[in-house]
Amino acid sequence: MPAGSQPAFSMRRSLFRKNLVTALLLAPAALWLVVFLVLPFVAIAIFSVGERAPEGGYQAALTLAQYANLPARATAFWNTIVLAPAGALACLLVAYPVAYYLALRAPQRWRLILLALIVIPFWTSLLMRTYAWMYILGGRGIPALLAYVGIEDLRLINTPGAVLLGIVYGYLPLMILPIYVSLERLDRRLLEASADLGATPLATFLGVTLRLSLPGVMTGFSLVMILLLGEYLIPTLLGGGKVFFIGNALVDLFLQSRNWPFGSAIAITLVLVSVVVLIVANRISTRLSGARRVDLI
Amino acid sequence: MLLALLASRHCLTLSLEPMALTAVPDIEFRAVTKRYGAVTAVSGIDLAIPPSAFVALLGPSGCGKTTCLRMIGGFEQPSEGQVLIRGRDMAGTPPYRRPVNMVFQQYALFPHLDVEENISYGLRQARPRLSSREIGHRAGEALSMVQLAGYGRRKIHELSGGQQQRVALARALVNKPAVLLLDEPLAALDKKLRTDMQIELQNLQREIGITFVLVTHDQEEALSMSDFVCVMNGGRVVQLGQPSEIYDEPADLFVADFVGKTNLLSGKVAGLSGELVDVALADGTVIAARKRVPLSRGEAVSVSLRPESLSLSAPGSGALKGIVRNRIFLGSTAEYAIEVQGIGSLLAKADHVIGQGNLFKPGEPVAIGFAAGAPLAFPRANNNGTNQREDQHAEILS
């Protein structure tokens, strides 16, 4: 054996071993994703170009008829496309001041406790909490209280407003946490430097704090927005039958009318919309923050 | 105690005119104390920094120097006393209304802005607004001043540490502050770059002619760059003076030990004769030393002897005898660790003259002499910092 080939050989072997370890570490997650995400997604994609069997379900075909039929669920799309960003925006407006207070103003020793308080609602199911809102907004809740002071016939439940309120309530922590993290990471000396250079507190907030927390804002916004695009529970419970989301349309198509191909076409469209939202959000936050890389979600 | 500085390099030329004597100090501290809860960071400092001086606040970490700088910048408020900038009391004036700018430690450049946007940040805050032409013009000037012309569109993370340092300087100076504050500005640079920047900072200060206040824990940096050094310890100003004064005539044991290398020999006062004291060292040798404060017979003292004031010669003459333990050859000079029986290890520094063969070898016996007036005697303080330094010496030499 010529001198020098020994180290090269052992290096190749250690490289192989490193790759093997990496592969073993990733295998469970990869398997999980292939079985429960990739395969169903492929199935849905195939369903979406098929036809509804006469007795319901799927019948093999190759047609774009399901996609052409999308306008039949225009209301659901419209509601989702309006209410999901509106909900995310409402969440943002409520969440930013909270995150700002937690990261920059709250006393250090209270910070963890306050953060815990924000997460604690997750310990109960969203279903329970949304039921509670149903009661609060329903006839025996706030409207009944308002009736005492003479405000009669106020309808809260089963309105878009109720859905929006439910959305803000349910998704607020998901918006607060990423914004909190980005504000927490903010280098305080940048704020001092800004003040030193003559910027008033407002100018510092707009020019430094807000700009540098945008990655967190975009993460929170796209996270909430994507979850809202598939939201089913809140519109059902708080919107009655009136505020129909894509999520509700999907449940209806798959479980009630058993039109699997049409449901699949809607699901695929929904995924595409989500991907577009993600890409746009990523672009915006990369450009605005000047960061080399932005961790989105 | 008001430590007014009137003999700045720039003031010297003006001092014939009465104007200079009445000149308002750029920065003035009047009995300034700063407490954080139970901890006193700065206690009762009086200080006046004349216009156009390069002043270094020097001290070990935790001595209050950074707190002083931050009180000038307006990021901290004094608990007691007043901070004045050009004669105006700054109490209640927020940082964004003060006529000073700061170069922050690690620079604190805005990562989301490019080089030019960073530099023009301060100009954009000016009210009434400056025209964008003027902003562009001044930012360009500032860029060429720090030799970064053409770097305006670079992102901050694309710059090297030295370049970031220059951007931070330009960003502060472009606003034409009355005083430039520098918080350990060179700490993050490597040695070569640091030396270059020291010279550049000095040149800049002379060109612009405004007061620079530099905070540093590096005594070499303080001595080499500034017109005045303000040595701080334990929240107080220990000595204020020109670098050579601080080095040659340290006010106390702390300054003698902190500024430059020195040998500290313990002994007792054996006799008093006018300006001099006779000190009996641990091995019984009696040497004459100058004193800075009154001393009494029998008092325990430390005698400071600078390594370069020691002269080595072949055995037979000299006040002390020892054996060379280590030799550190540094090119133009050589440092020796010399073991002296009963006293301990001494550090000596000798010039190296090429071809003269005047180097001593480890193991060789030598005689140690020093010029009269070189030893300085200080009352033995129970100063923790001193012990620490002695340990460091021991470490270097072991």
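Student: How do the axes of helix H4 and helix H6 of chain B cross, and within what distance do they come?
Tutor: This is a predicted model, and in it the axes of H4 (residues 115-125) and H6 (residues 161-173) of chain B come within 7 Å and cross at roughly 30 degrees.

Student: Parallel or antiparallel, then?
Tutor: Roughly parallel, because angles under 35 degrees count that way, and H4(B) and H6(B) fit that description. Their crossing is right-handed.

Student: Which residues make the contact?
Tutor: From H4(B) there are Val115(B), Asn118(B), Ile119(B), Tyr121(B) and Gly122(B). H6(B) brings Val167(B), Ala170(B) and Arg171(B). By class, the residues of this contact are five nonpolar, two polar and one charged.

Student: How many residues of H4(B) are buried?
Tutor: Nine of the eleven, so H4(B) is largely enclosed by the rest of the structure. Among the buried ones are Glu116(B), Ser120(B), Leu123(B) and Gln125(B), along with Tyr121(B).

Student: And what do those buried residues pack against?
Tutor: They pack against H5 (132-145) and H6 of chain B, together with H9 of chain A.

Student: Ah, chain A comes in there. How many residues does each chain put into the contact between them?
Tutor: Chain A gives 18 residues and chain B gives 20. On the chain A side, helix H8 (188-196) and helix H9 (201-229) each supply at least two residues. H8(A) has the largest share of that side, with six residues.

Student: What's the chemistry of the chain A side?
Tutor: There are eight nonpolar, four polar and six charged residues on the side of chain A that touches chain B.

Student: Let's stay with H9(A). How does it cross H7(A)?
Tutor: The axes of H7 (residues 160-185) and H9 of chain A come within 7 Å, with a crossing of roughly 155 degrees. That makes H7(A) roughly antiparallel to H9(A), and the crossing is right-handed.

Student: Which residues meet there?
Tutor: On the H7(A) side they include Ile167(A), Tyr171(A), Leu174(A), Met175(A) and Pro178(A). On the H9(A) side they include Pro215(A), Gly216(A), Val217(A), Gly220(A) and Leu223(A). By class the residues of this contact come to 14 nonpolar, five polar and no charged.

Student: I've clicked on Ala99(A). Where is it, and is it buried or exposed?
Tutor: Ala99(A) is in helix H3 (residues 74-105) of chain A. Ala99(A) counts as buried because it has 26 C-beta neighbours inside 10 Å, and the cut-off for buried is 20 or more.

Student: What does Ala99(A) touch, leaving out residues up to four places away in sequence?
Tutor: Ile176(A), Ile179(A), Tyr180(A) and Leu183(A). Ile179(A) and Leu183(A) also appear in the contact of H7(A) with H9(A).

Student: And how far is Ala99(A) from Asn69(A)?
Tutor: Their C-alpha atoms are separated by 43 Å, and the two residues are 30 apart along the chain.

Student: Switching topic: what joins Arg127(B) and Pro128(B)?
Tutor: A cis peptide bond, with omega about 0 degrees. Pro128(B) sits in the loop between H4 and H5 of chain B.

Student: What about phi at Ala31(B) and Glu184(B)?
Tutor: Ala31(B) has a positive phi of about 45 degrees although it is not a glycine. Phi of Glu184(B) is also positive, near 45 degrees. Most residues other than glycine have a negative phi.

Student: Where do those two lie?
Tutor: Ala31(B) is in strand S1 (residues 27-36) of chain B. Glu184(B) is in the loop between strand S7 (179-183) and helix H7 (191-208) of chain B. Ala31(B) counts as partly exposed, with 13 C-beta neighbours inside 10 Å. Glu184(B) has 19 such neighbours and counts as partly exposed too.

Student: Last thing, what are the confidence scores?
Tutor: The model scores ipTM 0.81 and pTM 0.79. Chain B has a mean pLDDT of 86, and 89% of its residues reach 70 or more.

Student: Where in chain B does pLDDT stay under 50?
Tutor: Over residues 1-21, for which the model has 31 contacts beyond four places in sequence. Residues 383-398 of chain B also stay under 50, with 19 such contacts. Where pLDDT is low, the predicted coordinates should not be read in detail.

Technical notes: Residues are numbered from 1 along each chain as its sequence is written. Chains are lettered from A and ligands numbered from 1 in the order in which they are written. This is a predicted model: local features need pLDDT of at least 70, side-chain atom pairs count only at pLDDT 80 or more; totals for chains, interfaces and linings use all residues. Helices (H or I, at least four residues) and strands (E, at least two) are DSSP runs, numbered from the N terminus. A residue is buried if 20 or more other C-beta atoms lie within 10 Å of its own, exposed if 12 or fewer, and partly exposed in between; C-beta atoms are placed from the backbone. Two residues are in contact if their C-beta atoms, placed from the backbone, lie within 7 Å. Ala, Val, Leu, Ile, Met, Phe, Trp, Tyr, Cys and Pro count as nonpolar, Asp, Glu, Lys and Arg as charged, and the others, Gly among them, as polar. Axes are lines fitted to C-alpha atoms, for helices over the stretch in contact, and angles run from 0 to 180 degrees between N-to-C directions. Angles under 35 degrees count as roughly parallel, over 145 as roughly antiparallel, 65 to 115 as roughly perpendicular and the rest as oblique. A crossing is left-handed if the near helix is turned anticlockwise from the far one by less than a right angle, and right-handed if clockwise. pLDDT is the predictor's confidence in each residue, from 0 to 100.
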